[in-house]
Amino acid sequence: MGGACSRKRDQQVNEETVLRGVNGKYSKSSSSKWLRTSFRLGVDIPQGSGKCPSLMELCIHKIRKDIDAYINKYKDFTMLPRDISQQIINELIDSHCLTEVSLEAFRDCALQDINLGEYPGVKDSWIDAISSQGSSLLSVDLSGSDVTDSGMVPLKDCENIQDLSLSYCDQISDNGLKHLRGFSNLTSLSLKKNNSITAQGMCVLSNLLNLINLDLERCSGIHGGLVHLKGLTKLESLNIRCCNCITDSDMKPLSGLTNLKELQISCSKVTDLGVAYLKGLSKLVLVNMEGCPVTAACLGSISALVALSYLNLNRCNFSDDGCEKFSGLENLRVLNLGFNNITNVCLVHLKGLSHLESLNLDSCRIGDEGMVHLAGLVRLKSLELSDTLVGSNGIRHISGLANLESLNLSFTEVNDSGLRKLGGLTSLKSLNLDSRQITDTGLAALTGLTGLTHLDLFGARITDFGTNCLRYFKNLQSLEICGGGLTDAGVKNMKDLTSLTLLNLSQNSNLTDKTMEMISGLTRLVSLNISNSRITNAGLQHIKPLKNLRSLSLESCKVTATEIKKLQSTSLPNLVSFRPE
Amino acid sequence: MKKEDTVKLISAEGFEFVIDKNAAMVSQTIRNMLTSPGSFSETQHGVVRFPEISTPILEKICQYFYWSLQFASGKETEFYIEPELTLELMMAANYLHT
């Protein structure tokens, strides 16, 4: 059960990845910190991967390796053209080789970007060398650092900065923000998760007339401060997610920001009343109100937003009352209604939303009869029906959605006979069938779905016999079969799934060291979980070829942490997370 | 080696390196000079002068060209760079898009 709960959490929608793809700089979350610190270390010139490194790359690599010697010899890098010193510092940062000492060598190099987001050890004493770049500096990322208000003082000379991230810098307060006053070129400012910033400190924002993106996610003290945004008419994106201090009155000053395209107010206290202030923002493309205490009555205001294509209303306590207004949101491409108290009655009103490409109905009180209303949404690429009462009878209505690429039927009533109706969905790439009613028979009905890259059969009752079907899914990148019915003989059928990067076979308590031998050719594996099995230390030896492995879980096996650590140091250089530890 | 298959690269000090054309074309800058239609005299004569690149650096660059061809054919060895050449080499590499 614990496993099931944690899996659910992973399915939460992340607006930033939806809209921008995986954008490095401004989409970092604190939880990715360990990834960055661990994975970037020891990144080497790619060997054996075929791509020839350029001479420039070789030189930069060389300098990074012997940085101290170079600094001893040349003292600093000011003699280099800016674009070269920029590449050197980027390499040092990416490989985590930059120190306060080596940063000094870049003093006055007229660098444009210093992106130290989540970089370990950054503090006030680093700022002087950073601000010595003066008017050349365009982009600075200090997120997650220990920089304080006094660190902000020297930075004020860099008045050309366009992008500034001070997210997770909880030692910066209103006093530090004051020094941003002259940053009239600033277009992006990120102040995520800062609890010291208050409405008073935010008055500095009214000077930043060129601001396009402002991120105040998880700032708990900014209630009343949005009035200072009134004049920022260029603002296109405002993120105040998870600011639980934000109320209806905070929406009022936004009503004139007519260039806003993205607004995220999820998990705030904004109600229907507050949403009414947004009516005039006709350029809004994305509105995220997940977890806000709004009702279907706000759809009146929302339907005035003619450009709206992305609407997140997950966890809003919606009921069917007033849901007829959904039919007015004809331009929507993405609609999230998960975890609401809506039934089949509401789905009637989605029928006409013919542009929908993604629909999330996770944990809604919908069932078979409602599915007929989705049958005409032929542009749907992604459909989330997890934890609903939808069963095999309902599934037939979606069997014609030929563009579906992702379908989640976990914890539904769908059984093997229902899966037969999915055989025609040949665009499917991701299919979640984590449900006890699914067995080998159901899997056998899906062998035509050869484009599948992700298949989740976590709780399904798949046996060795069923694994014979896996050979049809040669493109699989992730596979989970954790129903307990597998033995080594079944794992043998996975040998040719060489595209796999994630494999979870935990809870199959009959798997032995032979399994490890069988998967030793799956060299692209990044994550492997065979917990609760009979694997021993001896079996570990077989996975030495899995050089890409970053995460290994062998909990409740006969494997010791010491042996895994040994393997890590001799054969698995990329392994950063392992159990037992 | 036929003359049209080679090019002559001339360093700041006037030292001449005659190398395979396909090796020289590892550099995007040289490739452009040798292949762009008409205008460049380099295209016709197969001679390129580098008044800004010193002899030891140009020699190293030629070595890199051949190393790169070997690498592409599957022979992945290490390319050694003398520490004292690195910075100058980088500036040349930058200019040559190499």
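Reader: How many residue pairs are in polar contact between chain A and chain B?

Author: Keep in mind that this is a predicted model. If you look for salt bridges between chain A and chain B, the count is zero. For polar contacts, taking pairs with both residues at pLDDT 80 or more, the count between the two chains is seven.

Reader: Which element of chain A gives the most residues to the side that touches chain B?

Author: Start with the elements that give two or more residues to that side: α4 (55-65), α5 (67-74) and α6 of chain A. One of them gives seven residues, the most to the side of chain A that touches chain B, and that's α4(A).

Reader: Okay, and what share of the area buried between chain A and chain B comes from carbon and sulfur atoms?

Author: People often describe the size of an interface by the accessible area lost when the parts come together. Here the area buried between chain A and chain B is about 1,900 Å². A trio of residues, A:C52, A:L55 and A:K62, supplies 29% of what chain A buries there, more than any other three. As for carbon and sulfur atoms, their share of the area buried between the chains is 73%.

Reader: Is A:K192, the salt-bridge partner of A:D215, buried or exposed?

Author: The closest N and O atoms of A:D215 and A:K192 are 3.0 Å apart. A:D215 sits in strand β5 (residues 213-215) and A:K192 in the loop between β4 (188-190) and β5, 23 residues apart. A:D215 has a relative accessible area of 9%, so it counts as buried, the cut-off being under 20%. A:K192 has 3% relative accessibility, so this lysine is also buried.

Reader: Which residues are linked with A:D128 in a network of salt bridges?

Author: Begin with the pair A:D128 and A:R107, whose side chains meet at 3.5 Å, N to O. A:D128 lies in helix α8 (residues 124-131) and A:R107 in the loop between α7 (100-104) and β1 (113-115), so the pair links distant parts of the chain. The residues linked with A:D128 in the network are A:R107 and A:E104.

Reader: What distance does helix α6 of chain A reach from its first C-alpha to its last?

Author: This helix covers residues 82-94, which makes 13 residues. Its buried residues include A:I84, A:I88 and A:L92, and just after the helix A:H96 takes a positive phi of about 60°. At 1.5 Å a residue you'd expect 18 Å, and the helix comes close to that, reaching 18 Å.

Definitions and conventions:
Residues are numbered from 1 along each chain as its sequence is written. Chains are lettered from A and ligands numbered from 1 in the order in which they are written. This is a predicted model: local features need pLDDT of at least 70, side-chain atom pairs count only at pLDDT 80 or more; totals for chains, interfaces and linings use all residues. Side-chain values use heavy atoms; hydrogens and water are left out. Helices (H or I, at least four residues) and strands (E, at least two) are DSSP runs, numbered from the N terminus. The expected span of a helix is 1.5 Å times one less than its number of residues. Buried means under 20% relative accessible area, exposed over 50%, partly exposed in between (1.4 Å probe, protein chains only). Buried area is the accessible area (1.4 Å probe) that two parts lose on being put together, summed over both. A salt bridge is a side-chain nitrogen of Lys or Arg within 4 Å of a carboxyl oxygen of Asp or Glu. A polar contact is a pair of N or O atoms within 3.5 Å; within protein, one must be able to donate a hydrogen and the other to accept it, and residues adjacent in sequence count only if both atoms are side-chain atoms.
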